[in-house]
Amino acid sequence: MRPMFNAPQGSPAEAVAQGVRRMLSTKVERFTESVIREMTRLAMKHDAVNLAQGFPDFPCAPEIKEAARQAIADDDNQYAITWGQKPLRDALVEKFARTQGVTIDPEREITVTCGSTEAMMAVMMAVINPGDEAVIFEPFYENYGPDVILSGAQPRFVSLRPPDWSFDRDELAAAFGPRTKAIIVNTPNNPTGKVFTREELEFIRDLCVRWNAFAITDEIYEHILYDGAEHISMAALDGMRDRAIVVNGMSKTYTVTGWRVGWAIAPPGPTEAIRKVHDFLTVGAAAPLQAAGAVALRLPDSYYAQLADKYRAKRDLMLGILTGAGFNCIKPKGAYYIMTDISRFGAKDDVAFAKYLIEEIGVAVVPGSSFYNDPAGPGSQQVRFAFCKVDETLHAAGERLSRLKPR
Ligand SMILES: Cc1ncc(COP(=O)(O)O)c(C=O)c1O
C-alpha cells in the first residue's frame with residue numbers, strides 16, 4: 001500500500017492512492033510505525049549488535065518455562081475467562097499486597113491482557129472521550145503517542161529535564177485543567193531510567209484529585225531498580241485508590257517479552273469498561289502462559305533481588321563502555337536503558353547518527369527523537385542504549401563502539 005501513496009502527483013496511480021487514503025483512518029496517518037521495532041529490523045539486516053529494542057537475549061528462569069510446559073501438557077489450551085485465569089488473578093492480589101501493601105479484589109479490579117501494551121490501549125479506550133486531555137511526561141515510551149491518538153485524547157506534554165529528569169511543578173500544574181482525563185506516569189521510566197520519588201508522586205496525586213483525573217501508571221520495570229531506589233505504585237498513595245490505574249506485565253520482570261501477558265489493575269468502575277474493551281480486542285491472553293504467570297508471581301523475594309543485581313552489573317558495565325567511547329551518559333536509577341547525549345560526535349541529528357551506528361559501526365540504538373513529540377527537540381541530540389543483554393553482547397558492542405571518534 002505504501003508505494004502507492006508516493007505515486008507522482010496527478011498520475012492515475014496518485015488518484016488511486018488518494019482514493020485509498022480516503023478509505024483509511026486519518027488517526028493512523030498521525031503516527032508512523034514503531035521506530036524501536038524498525039531499528040531491530042535494520043539491526044538484523046546489517047548484522048548489527050542490537051541494543052535498540054528492550055528484550056533480553058538470555059533465558060527466563062527454568063521454573064517459569066517448566067510451568068508453561070506443564071500447563072500445555074495438562075491441556076490448559078482453550079480460551080481462559082476473558083479477564084484472566086483465577087490463579088493468575090489470585091497471585092496478582094497476593095503480590096500487590098506483598099510489594100505495595102494494597103489489597104485488590106480479584107473479581108472486580110483486575111483485567112489480564114495481551115501484554116501491558118494491550119492493557120494501556122484498553123485502559124485509554126475505556127476512559128477517554130473526544131476532547132479529553134492526557135498529560136504525558138516527555139521523553140516518553142513511544143507507544144503512548146499512538147495510544148493517545150487511537151483513543152482520541154489530546155496530549156499535553158510536560159518535560160522531564162536532565163540530568164535528574166525532574167519536572168517543573170508549575171509546568172505540570174499548568175498542564176492540568178478541566179479537560180484533563182488522565183496523566184500517564186511510567187516509573188521506573190523508559191527511556192530515562194528515572195524512578196519517581198514519593199514527593200513527586202504525591203504532587204501528581206494532588207493534581208489528579210484537584211482535577212478529578214486518573215493516574216495511569218506503567219510499572220513494568222517495578223523490580224529493576226538501582227542504588228537503593230524504591231518503586232512506589234500510584235495505587236499505594238493515600239487518596240489514589242479510586243483513581244490509580246496500574247498497567248504492568250510479565251515481560252520484563254520474568255524475562256518473557258514474547259509471552260504477551262500483562263494486566264491492568266483498576267477500581268471496579270473502570271475495570272468494567274476495560275474488560276469490555278479487552279474482550280472485543282483480543283478475548284484473552286494465552287491460557288497456558290497465564291498459568292505459568294501464577295507460578296512466576298509467587299517466586300521468592302530472592303528472585304527479584306537477583307534480577308536487580310544482575311541488571312545493576314550490566315548497567316555499570318555499559319556505562320563504562322559508553323563513557324569510554326565518548327558518550328555523555330545519564331546514570332539510570334531503574335529500568336534497563338541508558339539515554340546518552342551525542343553532541344560530541346558532530347552528527348546532523350539523532351536519526352543520522354543512529355543510521356551511521358547501525359551501518360558503519362554495527363550497533364543498533366534508538367534515536368532520541370522517537371521519545372519526544374517534536375523531533376527537533378532535545379531528542380535530536382540523544383540516543384538510547386538497551387543493556388538487557390548477556391555480557392558478551394555488551395562487550396561486542398563495546399568493541400565496535402571503540403571505533404567512534406568523539407570531538
Ligand atoms: C515503559 C514500557 N511499557 C510497556 C512496554 C511493553 O510491555 P509488554 O511487553 O508488557 O507489552 C515496554 C517495552 O519496552 C516499556 O518499555
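This is a short talk on the ligand site and a few backbone details of the structure above.

Hi everyone, thanks for coming. One thing to keep in mind from the start: this is a predicted model. I'll begin with the ligand, then move on to the backbone, and finish with two residues in helices.

So, where does the ligand sit? It is in the second largest pocket. The shell around the ligand has 14 residues, and the ones that come nearest are T117, D218, Y221, S251 and R260. If you sort the shell by chemistry, you get six polar residues, five nonpolar ones and three charged ones. And which helix gives the most to that shell? That is helix 7, residues 115-127, with three residues.

Now for the polar contacts, which I suspect is the part you'd like to see on screen. Let's start with T117, one of the nearest residues. A polar atom in the T117 side chain is 2.5 Å from an oxygen atom of the ligand. Then have a look at S116, where the backbone takes part: a polar backbone atom of S116 is 2.7 Å from a ligand oxygen. The third contact is with D218, and here the ligand offers a nitrogen atom, which lies 2.6 Å from an N or O atom of the D218 side chain. How much of the ligand does the protein cover? On its own the ligand has 400 Å² of accessible area, and the protein covers 92% of that.

Let's leave the ligand and follow the backbone. Please find the loop between strand 5, residues 180-186, and helix 10, residues 198-211. P188 lies in that loop, and the peptide bond joining T187 to P188 is cis, with omega at about -15 degrees. P191 is found in the loop between strand 5 and helix 10 as well. The bond leading into P191 from N190 is also cis, and its omega is near 15 degrees. So if you are scrolling through that stretch, those are two spots to pause at.

Next come two residues with a positive phi. One is D47, which is not a glycine and yet has a phi of about 55 degrees. You'll find D47 in the loop between helix 4, residues 35-45, and strand 1, residues 49-50. Is D47 buried or exposed? D47 is exposed, because its relative accessibility is 61% and the cut-off for exposed is over 50%.

The other one is V283, again a residue other than glycine, with phi near 70 degrees. V283 belongs to the loop between helix 11 and helix 12, the latter being residues 287-296. With 35% relative accessibility, V283 counts as partly exposed.

Last, two residues in helices. A273 is in helix 11, residues 268-282. A273 is partly exposed, at 23% relative accessible area. From A273 to P163 there are 110 residues along the sequence, and their C-alpha atoms are 39 Å apart in space.

V93 is in helix 6, which covers residues 86-100. What is the relative accessible area of V93? The value is 15%, so V93 is buried, as that term applies under 20%. And to link back to our loop with the cis bonds: V93 and P191 are 98 residues apart in sequence, with 29 Å between their C-alpha atoms.

That's my tour. If you open the model afterwards, I'd suggest starting at T117, S116 and D218, where the ligand contacts I described are found. Thanks, and I'm happy to take questions!

Definitions and conventions. Residues are numbered from 1 along each chain as its sequence is written. This is a predicted model: local features need pLDDT of at least 70, side-chain atom pairs count only at pLDDT 80 or more; totals for chains, interfaces and linings use all residues. Side-chain values use heavy atoms; hydrogens and water are left out. A residue is near a molecule or strand if one of its heavy atoms lies within 4 Å of it. A polar contact is a pair of N or O atoms within 3.5 Å; within protein, one must be able to donate a hydrogen and the other to accept it, and residues adjacent in sequence count only if both atoms are side-chain atoms. Accessible areas come from the Shrake-Rupley method with a 1.4 Å probe; for residues, only the protein chains shown count as cover. On a 1 Å grid over the protein atoms alone, a cavity is a set of points where a 1.4 Å probe fits but cannot get out, and a pocket is an open set with protein on both sides within 12 Å along at least five of seven lines; lining residues have an atom within 4 Å of a point. A molecule sits in a cavity or pocket if more than half of its atoms lie within 2 Å of its grid points. Helices (H or I, at least four residues) and strands (E, at least two) are DSSP runs, numbered from the N terminus. Ala, Val, Leu, Ile, Met, Phe, Trp, Tyr, Cys and Pro count as nonpolar, Asp, Glu, Lys and Arg as charged, and the others, Gly among them, as polar. Buried means under 20% relative accessible area, exposed over 50%, partly exposed in between (1.4 Å probe, protein chains only).
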